[in-house]
Amino acid sequence: MRSRRYDIPREDGSALTVEVYRPEVAEGSSPPGALPAVLHFHGGGYAIGRALPGQDKTAIDLCRALPAVTVAVEYRLAPEHRCPAGVEDCYRALEWTAQRAAELGIDPERIAVTGKSAGGGLSATVALMSRDRGGPALAYQSMCVPDLDDRIAEEPIPADTENAPSPWVNSLRTMRASWQHYLPEGAAGAYAAAARAEDLTGLPPAYVLVCDLDPLRGPGLAYARRLMDAGVQVTVRNVPGAWHGFELHAPRTRLAREMAAHWTGHLRAALHPAS
């Protein structure tokens, strides 16, 4: 696996950094034809998350497991850059990737977006933006424990858990703060939070993974159901007994490995349909 960083100019003269990871060709084998591509939007509550050059573990794992050209997007973060700065960066990265498909060795008919938590929310929103703006056609939108509904910030914290917080309560507190950092006051459109979109027709096939003990489970399942009702093909996976981000704390457990295999397996099937 090898990677290269690119700076994509923004309209204000600043640059959006993306890192493109590409699978290595085995010695003695024929060079592959055009590969599928997946844009990876990292999690972090829209406010944190960076990777050193060549060291984005999730992008590396996706690049190898799929295999696919994987584009890791260093979108602007809140609260210094509030919505829509981050999601506009993600959409700009999608346009850049599609426009340079030949240069990057990418099949433009097999481009997907994916991410966990805030990255899942950004994936959903970028799919909406591409549909609405007549942008690059996406083959798939893959969302793990997606944070896509700002109304979760209105959920009350149970008073009796103040002295003994559970993973559910800790996650809810973090998500409430994240949305407060991310959204300017009064921002509540579809490009701020995908769950606010009124029309979900015409979107690419979707994958939605949720965890049993996660505050984002309800909004994630509700969005998946609305996609189904809009005629979008949807695969839903619920991870029993798991909380938000459990795999970061226990990556070698059976449950974490099964979760990763399910997520990457469906993404692989979408990007390599003839395999």
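# Exercises on pockets, rings and cores

Arg2, Ser3, Arg4, Tyr6, Val20, Arg22, Val69, Glu103, Leu104 and Gly105 form the lining of the second largest pocket. Keep in mind that this is a predicted model. Let us start from that pocket and work onward.

## Exercise 1: The second largest pocket

Work out which elements build the lining of the second largest pocket, and which element gives the largest share.

**Solution.**
- Step 1. The elements that each give two or more residues to this lining are E1, strand E2 (15-22) and helix H3 (101-104).
- Step 2. E1 provides the largest share, 4 residues.
- Step 3. Sorted by class, the lining residues are 4 nonpolar, 2 polar and 4 charged.
- Step 4. The volume of the second largest pocket is about 160 Å³.

## Exercise 2: A ring pair that starts at Tyr6

Tyr6 is one of the residues lining that pocket. Find the ring that pairs with tyrosine 6, and classify the pair as stacked, tilted or edge-to-face.

**Solution.**
- Step 1. The structure has 5 aromatic pairs.
- Step 2. In one of them, the ring centres of tyrosine 6 and tryptophan 96 are 5.0 Å apart, and the planes stand at 55°.
- Step 3. Planes under 30 degrees apart count as stacked and those over 60 as edge-to-face, so with its 55° this pair is tilted.
- Step 4. Tyrosine 6 belongs to strand E1 (residues 2-9) and tryptophan 96 to helix H2 (residues 85-99), so the pair links distant parts of the chain, 90 residues apart.
- Step 5. Are the two partners buried or exposed? Tyrosine 6 has a relative accessible area of 15% and is buried; tryptophan 96, at 7%, counts as buried too.

## Exercise 3: A cluster of rings

Describe the pair formed by tyrosine 46 and tryptophan 179, then name the cluster that contains these rings.

**Solution.**
- Step 1. The centres of these two rings lie 5.2 Å apart with the planes at 50°, so this pair is tilted.
- Step 2. Tyrosine 46 sits in the loop between E3 and helix H1 (57-65), while tryptophan 179 is in helix H5 (residues 167-182); the pair therefore ties together parts 133 residues apart in sequence.
- Step 3. Tyrosine 46 is buried at a relative accessible area of 3%, and tryptophan 179 counts as buried at 2%.
- Step 4. Ring pairs join Tyr46, Trp179 and Tyr182 into a cluster.
- Step 5. Alanine 47 is in the loop between E3 and H1. Its C-alpha is 7.2 Å from that of tyrosine 182, although the two residues are 135 apart in sequence.
- Step 6. Alanine 47 counts as partly exposed, with 21% relative accessibility, because buried means under 20%.

## Exercise 4: The enclosed space

Tell how many cavities of 30 Å³ or more the structure holds, and describe the lining of the largest cavity.

**Solution.**
- Step 1. There is 1 cavity of 30 Å³ or more, and the volume of the largest cavity is about 40 Å³.
- Step 2. Residues lining the largest cavity include Tyr46 and Tyr182, along with Val87, Leu122 and Asp147.
- Step 3. Helix H4 (residues 118-133) contributes the most to this lining, with 3 residues.
- Step 4. By class, the lining has 9 nonpolar, 2 polar and 1 charged residues.

## Exercise 5: The largest pocket

Which residues lie nearest the centre of the largest pocket, and how do its lining residues divide by class?

**Solution.**
- Step 1. The largest pocket holds about 1200 Å³ of space.
- Step 2. Of its 41 lining residues, Thr58, Lys116, Gly245, Glu247 and Leu248 lie nearest the centre.
- Step 3. H1, strand E5 (106-116), H5, helix H7 (246-249) and helix H8 (254-271) are the elements that give two or more residues to this lining.
- Step 4. The lining has 14 nonpolar, 18 polar and 9 charged residues.

## Exercise 6: The nonpolar cores

Identify the members of the largest nonpolar core that touch the most other members, and look at the surroundings of phenylalanine 41.

**Solution.**
- Step 1. This core has 60 residues, and Val18, Leu39, Phe41, Val73, Tyr182 and Tyr223 touch the most other members.
- Step 2. H4 gives the most to this core, with 7 residues.
- Step 3. Apart from this core lies another, of 19 residues, with Cys144, Val145, Leu209 and Trp263 among them.
- Step 4. Not counting residues up to four places away in sequence, phenylalanine 41 touches residues including Val73, Tyr75, Cys90, Leu122 and Val126.

Methods
Residues are numbered from 1 along each chain as its sequence is written. This is a predicted model: local features need pLDDT of at least 70, side-chain atom pairs count only at pLDDT 80 or more; totals for chains, interfaces and linings use all residues. Side-chain values use heavy atoms; hydrogens and water are left out. On a 1 Å grid over the protein atoms alone, a cavity is a set of points where a 1.4 Å probe fits but cannot get out, and a pocket is an open set with protein on both sides within 12 Å along at least five of seven lines; lining residues have an atom within 4 Å of a point. Grid points are joined across faces, edges and corners, and a volume is the space filled by probe spheres set on the points. Ala, Val, Leu, Ile, Met, Phe, Trp, Tyr, Cys and Pro count as nonpolar, Asp, Glu, Lys and Arg as charged, and the others, Gly among them, as polar. A nonpolar core is a set of buried Ala, Val, Leu, Ile, Met, Phe, Trp, Tyr and Cys residues joined through side-chain atoms within 4.5 Å. Buried means under 20% relative accessible area, exposed over 50%, partly exposed in between (1.4 Å probe, protein chains only). Contact means heavy atoms within 4.5 Å. Rings of Phe, Tyr and Trp (its six-membered ring) pair if their centres lie within 6.5 Å; planes under 30 degrees apart count as stacked, over 60 as edge-to-face and the rest as tilted.
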